Amino acid sequence: MSLSTDDVRRIARLARIEISEVDAAATQTRLNAIFKLIEAMQAVDTSGIAPMAHAQDVAQRLRADVATETDHRDAYQAVAPAVERGLYLVPRVIE
Amino acid sequence: MFELSLSQLAARLAARECSSRELAQQYLDRIAALNPSINAFITLDAEKTLAEAADADALIAAGTAGPLTGVPIAHKDIFCTDGWRTTCGSKMLHNFIAPYDAHVIQRFKAAGMPSLGKTNMDEFAMGSSNETSYFGTVKNPWDTTRVPGGSSGGAAACIAARMAPAATGTDTGGSIRQPAAFTGITGLKPTYGLVSRYGMIAFASSLDQAGPMAQSAEDCALLLNVMTGFDPNDSTSLEREKEDYTRDLNQPLAGLRVGLPKEFFAEGLNPDVAAAVETALGALKKLGATPVEISLANSRLGIPVYYVLAPAEASSNLSRFDGVRYGYRAPEYSNLDDMYCKTRAQGFGDEVKRRILIGAYVLSHGYYDAYYLQAQKIRRLIAHDFSEAFKVCDVILGPTAPGTAFKLGEKSDDPVEMYLNDLYTIPANLAGLPGMSLPCGFDALGLPIGMQLVGDYFSEAKMLNVAHQYQQVTDWHSRMPREPMAQYEKALLEKTINADLPSKPLGGTLKI
């Protein structure tokens with residue numbers, strides 16, 4: 001299978017990465033080379049094989065439902081691009 | 001002094017032959033002389049280093065020092081470090097100062113090991129040559145026209161050039177082992193889950209694992225003792241009793257069964273590398289080991305599987321970089337959505353964007369079963385090959401990489417060619433097994449060759465034992481590149497650095 005430039009634009013849109021027409025074409029070539037590498041996987045018969053997520057097949061731990069975090073707002077917001085009165089500033093989304 | 005092992009440095013400190021501050025200053029001076037041509041560090045802060053060293057001296061004076069207290073270490077710039085800039089090699093985080101320490105950093109701080117700085121790396125750990133770093137490529141100290149490998153290229157180069165006696169690295173598909181091989185040092189990726197990923201900027205969460213990089217297996221064992229341990233802040237951290245990874249270093253190797261995967265010695269392997277690994281096998285046989293031929297038939301699928309799983313996880317993990325809470329934000333945009341798109345287009349480099357796009361595609365509607373699910377199933381087949389192999393052998397031996405350090409720029413335009421570098425290292429990540437690389441010779445050009453050991457789950461002590469015994473009868477790990485030594489000596493002669501005045505502070509001039 002191979003990706004069209006439309007596919008590239010669509011996934012760039014999904015990933016929220018702006019892409020120019022020129023870049024889309026160049027990216028298409030590179031991605032198709034990578035997908036060609038990935039294709040080797042498709043010929044393998046995996047019927048009856050359970051997918052593997054964690055090597056030890058561990059279950060997610062649960063912790064007690066109690067607050068453990070203290071307030072770090074000032075420290076966290078000190079590295080933010082734009083804040084005001086304890087809030088993160090972004091362009092207006094609701095008219 | 002720069003050839004000393006961690007335990008030798010610690011012994012000097014314990015005997016009060018030098019202070020931690022003096023030791024740190026020696027390394028800072030060496031960094032000042034060599035780093036401009038190697039570019040192994042992204043951030044240096046001599047003041048902070050010396051303050052941490054002074055704290056270590058206080059612990060030593062109070063008699064509360066641990067085994068490595070006062071010995072300095074360099075940290076890969078993927079670990080969040082309170083008060084130090086943490087960039088992950090990306091423009092996206094070029095100005096990010098973490099408000100907390102990663103678990104690994106907490107442990108090294110608690111052990112009293114001062115930080116020498118943050119080492120250069122491929123952007124978000126995506127690369128095998130350190131050429132994707134926003135902060136410039138790292139040069140291989142053995143030949144500065146060549147790459148040091150990646151993604152922990154800065155860490156590897158700083159150990160090779162003896163700018164640090166110890167370093168942290170991370171390994172998602174070979175990022176500790178391949179640069180270790182390219183630079184003639186020793187590095188270990190532990191069993192997945194042994195070292196906490198808390199505060200380690202995530203690339204592919206089901207594969208990422210931090211580990212030690214140093215001159216020798218013995219040094220790695222000491223560092224692993226510090227790094228490992230359960231952490232409730234990492235949901236994949238394993239609850240196990242604390243081990244002493246030095247406990248078996250001196251065990252004899254008589255009766256050791258060394259598995260040789262025939263797939264790792266097939267077409268595509270550089271003949272110099274094959275010969276060096278063969279010779280190393282000879283040394284192990286002399287020490288009492290028996291070779292056993294094994295097969296890892298599905299390992300050839302490692303690269304395809306990896307380039308589905310790792311980008312899929314990366315595309316999810318890197319969605320957090322949106323220009324809202326931290327890091328880079330595009331200077332101009334028309335609305336919120338445009339802000340996201342421009343921020344990510346400008347903040348990420350080409351390789352990172354490529355992987356995010358692959359990930360977005362394989363996870364998108366209608367493709368999940370064909371790609372992600374299929375890859376996870378083959379992942380189990382790969383892990384199964386290993387578990388079958390470990391029924392007949394104790395440790396697996398092979399090359400770390402198909403070749404030696406390549407020229408800067410040689411593969412940077414061809415992602416697929418670059419990916420093939422991790423052919424032998426990726427299977428261990430997919431299976432979650434521990435793997436290590438240690439030096440075993442040089443090629444015809446004088447470039448270091450690394451051999452890889454892969455062990456069964458939690459067999460780090462055994463692997464370190466094998467590596468240490470090998471390093472008792474060989475001296476590849478103690479070889480140093482000539483060029484940095486000559487440069488350092490020239491700097492001493494010209495008095496651009498003052499190694500004879502070890503307590504003279506460097507001030508802020510080293511800050512990058």
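# Notebook: chains A and B

**Entry 1, two helices across the chains.** I began where the chains meet, and I noted that helix H1 of chain A (residues 5–14) and helix H11 of chain B (residues 350–362) have axes that come within 9 Å and cross at roughly 95°. An angle from 65 to 115 degrees counts as roughly perpendicular, and H1(A) and H11(B) are therefore described as roughly perpendicular to each other. I then looked up who makes the contact, and found Ile11(A), Ala12(A) and Leu14(A) on the side of H1(A), facing Leu357(B), Ala360(B) and Tyr361(B) on the side of H11(B). Sorted by class, the residues of this contact are six nonpolar, no polar and no charged. I should write down here that the model is a predicted one, and I read every value below with that in mind.

**Entry 2, the interface as a whole.** I next asked how many residues of each chain are in contact with the other chain. The count is 40 residues of chain A against 54 residues of chain B. On the chain A side, H1, H2 and H3 each supply at least two of the residues that touch chain B, and H2(A) gives the largest share, with seven residues. By class, this side of chain A has 29 nonpolar, six polar and five charged residues.

**Entry 3, a loop residue of chain A.** I looked up Ala53(A), which sits in the loop between helix H2 (21–38) and helix H3 (73–77) of chain A. Is Ala53(A) buried or exposed? Neither word fits fully, because 14 other C-beta atoms lie within 10 Å and Ala53(A) is thus partly exposed. Setting aside residues up to four places away in sequence, Ala53(A) touches Ser206(B) and Gln376(B).

**Entry 4, chain B overall.** Turning to chain B, I counted 16 helices and 11 strands. Its radius of gyration is 22 Å, close to the 24 Å that the globule rule gives for 512 residues, so chain B is as compact as a globular protein of that length. Along its principal axes, the C-alpha trace of chain B spans about 70 × 65 × 45 Å. Of the 512 residues in chain B, 63% are buried, and among contacts in chain B with a separation of 6 or more, 77% join residues 24 or more positions apart.

**Entry 5, the nonpolar core.** I noted as background that nonpolar side chains tend to be buried together in soluble globular proteins. Here the largest nonpolar core has 178 residues, and those with the most contacts inside it are Cys158(B), Ile159(B) and Ala164(B). I followed Ile159(B) further and, leaving aside its neighbours within four places in sequence, found it in contact with Ala164(B), Ala167(B), Ile185(B), Met213(B), Ala214(B) and Gln215(B).

**Entry 6, a helix pair within chain B.** I then took helix H7 (residues 217–227) and helix H15 (residues 460–473) of chain B, which pack at an angle of about 155° with their axes 8 Å apart. Since angles over 145 degrees count as roughly antiparallel, that makes H7(B) roughly antiparallel to H15(B). From H7(B) the contact draws on Ala217(B), Glu218(B), Cys220(B), Ala221(B) and Leu224(B), and from H15(B) on Glu460(B), Leu464(B), Ala467(B), His468(B) and Gln471(B). These residues divide into six nonpolar, two polar and two charged.

**Entry 7, backbone details.** I checked the backbone of chain B and found a cis peptide bond, with omega about 10°, joining Gly150(B) and Ser151(B). Ser151(B) is placed in the loop between strand S3 (115–119) and helix H5 (153–160) of chain B. Asn130(B) lies in the loop between S3 and H5 of chain B, and its phi is near 65°, a positive value in a residue other than glycine. Asn130(B) is buried, with 35 other C-beta atoms within 10 Å. Arg162(B), in the loop between H5 and strand S4 (166–171) of chain B, has a phi near 55°, again positive in a residue other than glycine. With 21 C-beta neighbours inside 10 Å, Arg162(B) counts as buried.

**Entry 8, a strand residue.** Last, I looked up Val292(B), in strand S8 (residues 290–294) of chain B, which is partly exposed, with 14 other C-beta atoms within 10 Å. Neighbours within four places in sequence left aside, Val292(B) is in contact with Arg257(B), Val258(B), Gly259(B), Leu260(B), Val392(B) and Cys393(B). I also noted that Val292(B) and Ser206(B) are 86 residues apart in sequence and 31 Å apart in space, C-alpha to C-alpha.

Notes. Residues are numbered from 1 along each chain as its sequence is written. Chains are lettered from A and ligands numbered from 1 in the order in which they are written. This is a predicted model: local features need pLDDT of at least 70, side-chain atom pairs count only at pLDDT 80 or more; totals for chains, interfaces and linings use all residues. The radius of gyration is taken over C-alpha atoms; the globule rule is 2.2 Å times the number of residues to the power 0.38. A residue is buried if 20 or more other C-beta atoms lie within 10 Å of its own, exposed if 12 or fewer, and partly exposed in between; C-beta atoms are placed from the backbone. Two residues are in contact if their C-beta atoms, placed from the backbone, lie within 7 Å. A nonpolar core is a set of buried Ala, Val, Leu, Ile, Met, Phe, Trp, Tyr and Cys residues joined through C-beta atoms within 7 Å. Axes are lines fitted to C-alpha atoms, for helices over the stretch in contact, and angles run from 0 to 180 degrees between N-to-C directions. Angles under 35 degrees count as roughly parallel, over 145 as roughly antiparallel, 65 to 115 as roughly perpendicular and the rest as oblique. Ala, Val, Leu, Ile, Met, Phe, Trp, Tyr, Cys and Pro count as nonpolar, Asp, Glu, Lys and Arg as charged, and the others, Gly among them, as polar.
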